[in-house]
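Please take me on a guided tour of this model, telling me what to select next in the viewer and what is to be found there.

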Amino acid sequence: MSIRLPSLSWFTWLGALRRPLVRALPTALGVVILNFALLQLVPGDAVDALVAEAGSATAETTALLRERYGLDQSSWHQLGDYLQHLLHLSLGYSPRYDMPVLDLILARLPNTLLLMGAALVISLTLGVALGTVMATWARRWPDRLLSSLAFLMYSTPGFWIGLMAIVLFAVQLGWLPSGGDGTVGAELQGWERFTDTLRHAVLPACTLASFFVAVYARLTRAAILEVQTQDYVRTARAKGLHPARVRLRHILRNALLPVTTVAGTHLGGLLGGAAVTETVFSWSGIGRLTLEAVQAREYRVLLGVLLLSSLLVIVANVLIDLLHARLDPRIRVA
Amino acid sequence: MSFVPPFDSDSLGDAAAPTWRSLLRRHLLRGRGAAPSAAHSATWPVLGALLRDPAAIVGLVLLLALLGVALAADWIRPGDPLDIVSAPLLRPFTDPAYPLGTDQLGRDIAAGLVHGARVSLLVGMTAAGVGVSLGTLIGATAGYFGGRVDAVLNWLIEIFQTTPSFLLVVVIVSITQSSLEVIAVVIGLTTWETVARLIRAQFRALLSSDFVLAARSIGFGHRWIIVREILPNALPPVVVTASVMVASAILMESSLAFLGVGDPNKVSWGSMIGGGRDMLRSAWYLTVIPGLALVATVFSLNLIGDALIEAMNPRLRGRVVP
């Protein structure tokens, strides 16, 4: 007989949250220090770039600019400054864009999150569905066809798929816009603006998802084939449960565990892929911002993007740990 | 007194020159639990299993062809592939002198393709080499010594695992130097954590095994135990990872070149695609041709990696390949 203690689950949720959070802090600190040390090796700084762009500047002006942005201090001092600012949720100031780095990134973040979220949903649903189909007809023609397709998709660079999608759907068929994150100058509001954004997001999201669809499909197939042979599946079948119920509740639920774990480790890759996809489709998100910052030598922007990306990955992994606790009751006990 | 440890007679055969190659060869070609039916595969089971797998053969043939093209690039298409040789935007299959046509500046696409193969394979192999060596070193140290060393190295692994490696590569390459050598090394420096995690886990699992205990009790030093006892047993999964790393390094380099962060003095499939992008509406072949080359290369490497997983698993090896 099992006794359920509702208050216990609350504790374990907190427990599931605590461990990754404790682990996340030193990691985040390490990311900051590593990137800062790296960027200290860079020849020239933001003021150099600013002066080069302006054409000319007197020595006094550059010195004044350096003093204003704290670039005349020692590296240790700058790192200390940076860490202190971080504690106040400030990522520094970007001379080039003339606005705080955090605002700059936060302005672009929703676009990238939309793209990544859409790609993640597409790749997980499509990948798990395809993987289930592949495992159900394992080693027969539907499996072979889909496996080969997934393998091809797995080997194709995302930016090339994006370009081919533009040729097919935007140039030849004219169904979808070829780039941008909204119709230029349309000044749409409410529902129309939403659908307009959605139409622009279809191609980039599918492009970004393509690689991960293949990954999750292959993974789901392998996981299902492995889970299928477990004793509890045989037991479930033997006690006369409906095959669909066994497939869904006994097999798929357990097969999803490795898929969610891998989805967590791929988030960094998803962000990197988003950078390339954003460039292909002129989607103004964090990836495009990174490239612009690279060209403008805006190290504080680069640092901020890298830091926030890492934080995003950490937060997402915490969420995945929680999802795991939900999918696998054994984790709650442990 | 001459003492021959009975548990590791295998390694004493190579004791004269314990090179990396001999270690790797031994475990690639002479695994245990071979299928007794095939005579040639009893000594070289992994290779035997590979050669019985049609997918692996396709991959190997494709890769060998690419290697041949890359090595013979100067002979097939002499001269600098970045030179302007003909009228711009010659369509493929129209001029026999330039079978794949020319791009918007009049550069030979076929020349770019064969020289690009050299660049891609070189970057892929260098990056994977750097990544595997660094990952093995860090993973082995962390897994073997444990404790505080492990905590610090694991912290390092987590940092690199959390940071999106492509963004990191873009940042490092653009602030240092976008030469091909730097790009290859940087890709290796940012992707070692996969290998490190793998090796670390293997070391932790093998550390408590009997043969390590025996080697310890005889009084072998740390270096001997790491390099001669544990590492050979930990390497097989790394071989699979290495082939995937070559593929992903090639993809990464092409993405960098596509974004314009690559080496401007070298022709790369990625930069060819990036250049053709502006002409997507009128001259789509500029994008399609180098893209197909890229897909073929990565495809062949993934085929080999996949086949290696099956071939190296002794439980799967005896089975008839489906």
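In chain B, where is confidence lowest, and where is it highest? Colour chain B by pLDDT, the predictor's confidence in each residue, from 0 to 100: the mean is lowest in helix α1 (residues 9–12) of chain B, at 40, and highest in α6(B), at 92. Residues 1–18 of chain B have a pLDDT below 50, and beyond near neighbours in sequence this stretch has 14 contacts in the model, two residues being in contact if their C-beta atoms, placed from the backbone, lie within 7 Å. Where pLDDT is low, the predicted coordinates should not be read in detail.

This is a predicted model, in which local features need pLDDT of at least 70 and side-chain atom pairs count only at pLDDT 80 or more, while totals for chains, interfaces and linings use all residues. Residues are numbered from 1 along each chain as its sequence is written, and chains are lettered from A and ligands numbered from 1 in the order in which they are written.

Next, show chain B as a cartoon, and you will find 16 helices and zero strands; these are DSSP runs numbered from the N terminus, with helices (H or I) of at least four residues and strands (E) of at least two.

Now select α6 (residues 109–145) and α10 (residues 193–206) of chain B, whose axes come within 7 Å and cross at roughly 35°. Here axes are lines fitted to C-alpha atoms, for helices over the stretch in contact, and angles run from 0 to 180 degrees between N-to-C directions. Among the residues that make this contact are B:Gly135 and B:Gly139 of α6(B) and B:Val195 and B:Ile199 of α10(B).

Then select B:Val169 and B:Val170, which have the most contacts inside the largest nonpolar core, a set of 151 residues. Such a core consists of buried Ala, Val, Leu, Ile, Met, Phe, Trp, Tyr and Cys residues joined through C-beta atoms within 7 Å, and a residue is buried if 20 or more other C-beta atoms lie within 10 Å of its own. Not counting residues up to four places away in sequence, B:Val169 touches B:Val186, B:Ile187, B:Thr190, B:Met252 and B:Leu256.

Finally, display both chains together: 33 residues of chain B are in contact with 37 residues of chain A. On the side of chain B that touches chain A, α8(B) gives the most, with nine residues.

Note on methods:
A residue is buried if 20 or more other C-beta atoms lie within 10 Å of its own, exposed if 12 or fewer, and partly exposed in between; C-beta atoms are placed from the backbone.
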